[in-house]
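This report describes enclosed and open spaces in one protein chain, together with a helix pair and a single residue. Please keep the coordinates at hand while reading.

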Amino acid sequence: MSEGVTPTGPQTPLQQAGRAGAGVFSLIIISVIAFFTLDEVTARFSVIAVSALIVLLTQPAAKLALFERAPWLGYLFDALLVAAFVFSTVWFYRVKADLWTGFYIATPMNIAGGLLGVAAIILLTIRAWGWSLVIMALSFVAFGFAGPYLPSILKHFGTNIADFMQIVWYSFDGVFGRTTGLVADNVLIFLIFGAVLERTGAGESLIHISTALTGRIRGGAAHAAIVASAVFGMMSGSVAANIAGTGVFTIPMIKRQGFSANFAGAVETAASSGGQLTPPIMAAAVFIMADLVGMPFAMVIAAAALPALFKYIGLFAQVYAEAIRLDIKPMAKEGLPVLTARDWLNSLLVFLPIVMLMVTFLMGKSPATAGLVGVLTAIGAGFVLNPDFRREPKRIWDALVAGGISSAQIMLAVAVIGVVLAVINETGVAIRFATAISGGGEDYLIMALILAMFGALILGMGLPTLPAYLIIAIMIAPAIIKAGVLPLAAHMFVLYYAVYSSIVPPIAYGCYVAAPIAGGNPLQTAFVALRISIVGLLVPYIFVYSPSLLLVAGEFSWSELAITVLRLLAAIWMFATSLGRADPMLGRIGFGQSGVRFVIGLGAMIPIPMIYIPALILTLVAGLFSRRLGAAKPA
């Protein structure tokens, strides 16, 4: 099953009960943030238990292809899962007091309870997210048990079943560890926030406004889609869900202007995944990063601003070059949407809640409180500004249901990540990995970064953004920090590749969602998405070597920032005209000139004055040369 997708079709009574439970789950999350303080252990266990129940009911085994011929076996299987989790719950609470005092002793019964609980979570995670996350988790579990039999570089003392269950289930390092608490406390409210915003009715008006603003540029429909997908992408915890939600509007719009199906799908995928790197929300990953780095949220948001800006400038430039190559003209004046007061009012449905959320942050309130303010502002704005929202108050309930299902799915993923983190802590593999990468980067930091990039892309493949970032941040960020990278730059570096793993073949799950909507080929869409995302893929290297681009990392230098901006603008222009094989003045260009421009773009990215200064000069020369040739062409 694809990322975070709930089966469609007729709803059984159990599925309807699951959806009702999801709505109640959202209400509980909101109520706890507003009024209550819960015991941390009870809160962590309860949120996992409720999440497991919601996923089980909304995605019942009877609906799976495995039980298609005998649905009753699916219901029996789910009943056994419920019984297993209830048994594990009983034993967890029996030893709960011992967990705090350190007097926990493994017995056959509580080992069995832990095993059943972990098994139930893993089986339900397969339904919610597919096999990628589970296969990775089981690989780490196998690594934990096989320690004494592994080659020297991987060899460790290993673990046994009693110790394994203690760290994974009966401790605060595994399934119910700090990460589970952090996500439950700070992230779930933002999933509800995104679901509410999606249903307040701002989407169509946002696309109208974006089209009106960009329609006079060549490829304007694609530019408008980028803006709309970026705005909604930053609020979505799922690349796939965002593509499915906005792509049905944006992809046909891009194709109608003359772009190919694969290019249309690639633009939507690149923009939606890039939205997860866009402040101020960054798909809620910003809150996890701030906690791991030990910095205020506002500083992390500030650090993400310029890299995200240049990432999108690069995407706009690639679309513009493609439009030139295909000779796609700006939209005719009569084809541009006429913006009404209603469109501008509807735009407030998105921007007003985000502004209120940021004001709450700046007042020093917690992320959860800021998210709550955002949710309440979005609902209030919907009632005041959108008559359709007032006429259909059921939209609020639908948003709570969608937010509750997303919350349940993400919590199961985080629970499985807890299993991985427990193994990592027990075996010390992260320290070994960090030592190996940093050792290779002692003399050549670039080698450590390249290794970290490929490691992050591989570990993140097929995973939703938040779990992907959590794994990569634990495994890889310490490695490049040890190699000499500033902590904030290191975490931003791995977050970028955690997100971009969604467009990297062969899995490229974002492209597998976009391609059917566009009528394209998923793998071809993935390669196009990589091509047009080249600046986003390379910008992490820029801010590692020039941390002033992050504004708040290390010692800030205005001169370094100015030079970095010039280098990025030059690289963006050269890469766009090279990979798009088109120039505004020359029209289509040949492979030879395309190759030269690509080399100049790479030169501008390299942080060595003897290389980037000639690249900047050559970029300027290329611009002047293009204008001169363009003027020489006959009218």
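In this predicted model, the count of cavities of 30 Å³ or more comes to 4. The largest cavity has a volume of about 60 Å³, and its lining is made up of Ala270, Gly274, Lys311, Tyr312, Gly314, Leu315, Tyr500, Ile532, Ser533, Ile534, Val535 and Gly536. Two or more residues of this lining come from each of the elements α13 (261–275), α15 and α27 (534–545), and among these α15 gives the most, with 4 residues. By class, the lining of the largest cavity divides into 7 nonpolar, 4 polar and 1 charged residues.

Helix α15, which spans residues 297–325, also takes part in a helix pair, since its axis and that of helix α28 (residues 558–579) come within 8 Å of each other and cross at roughly 25°. In general, two packed helices are described by the angle between their axes and by the distance between those axes. Because angles under 35 degrees count as roughly parallel, α15 and α28 are therefore roughly parallel to each other. The crossing in which α15 passes α28 is right-handed.

Turning to the open spaces, the second largest pocket holds about 510 Å³ of space. Of the 18 residues that line this pocket, the closest to its centre are Val32, Leu38, Ala43, Ala184 and Asp185. The elements that give two or more residues to the lining of the second largest pocket are α1 (13–35), α2 (40–58) and α8 (178–186), and the largest share, 6 residues, comes from α2. The lining of this pocket has 13 nonpolar, 3 polar and 2 charged residues.

The two spaces are set out below by volume, leading element and class of lining residue.

| Space | Volume | Element giving the most | Lining by class |
|---|---|---|---|
| Largest cavity | about 60 Å³ | α15, 4 residues | 7 nonpolar, 4 polar, 1 charged residues |
| Second largest pocket | about 510 Å³ | α2, 6 residues | 13 nonpolar, 3 polar, 2 charged residues |

Helix α1, one of the elements named for the second largest pocket, is also the place of Ser31. Is Ser31 buried, partly exposed or exposed? Its relative accessible area is 27%, and because buried means under 20% and exposed means over 50%, Ser31 is classed as partly exposed. The C-alpha atom of Ser31 is separated by 9.5 Å from that of Leu372, although the two residues are 341 residues apart along the chain.

Methods
Residues are numbered from 1 along each chain as its sequence is written. This is a predicted model: local features need pLDDT of at least 70, side-chain atom pairs count only at pLDDT 80 or more; totals for chains, interfaces and linings use all residues. Side-chain values use heavy atoms; hydrogens and water are left out. On a 1 Å grid over the protein atoms alone, a cavity is a set of points where a 1.4 Å probe fits but cannot get out, and a pocket is an open set with protein on both sides within 12 Å along at least five of seven lines; lining residues have an atom within 4 Å of a point. Grid points are joined across faces, edges and corners, and a volume is the space filled by probe spheres set on the points. Ala, Val, Leu, Ile, Met, Phe, Trp, Tyr, Cys and Pro count as nonpolar, Asp, Glu, Lys and Arg as charged, and the others, Gly among them, as polar. Buried means under 20% relative accessible area, exposed over 50%, partly exposed in between (1.4 Å probe, protein chains only). Axes are lines fitted to C-alpha atoms, for helices over the stretch in contact, and angles run from 0 to 180 degrees between N-to-C directions. Angles under 35 degrees count as roughly parallel, over 145 as roughly antiparallel, 65 to 115 as roughly perpendicular and the rest as oblique. A crossing is left-handed if the near helix is turned anticlockwise from the far one by less than a right angle, and right-handed if clockwise.
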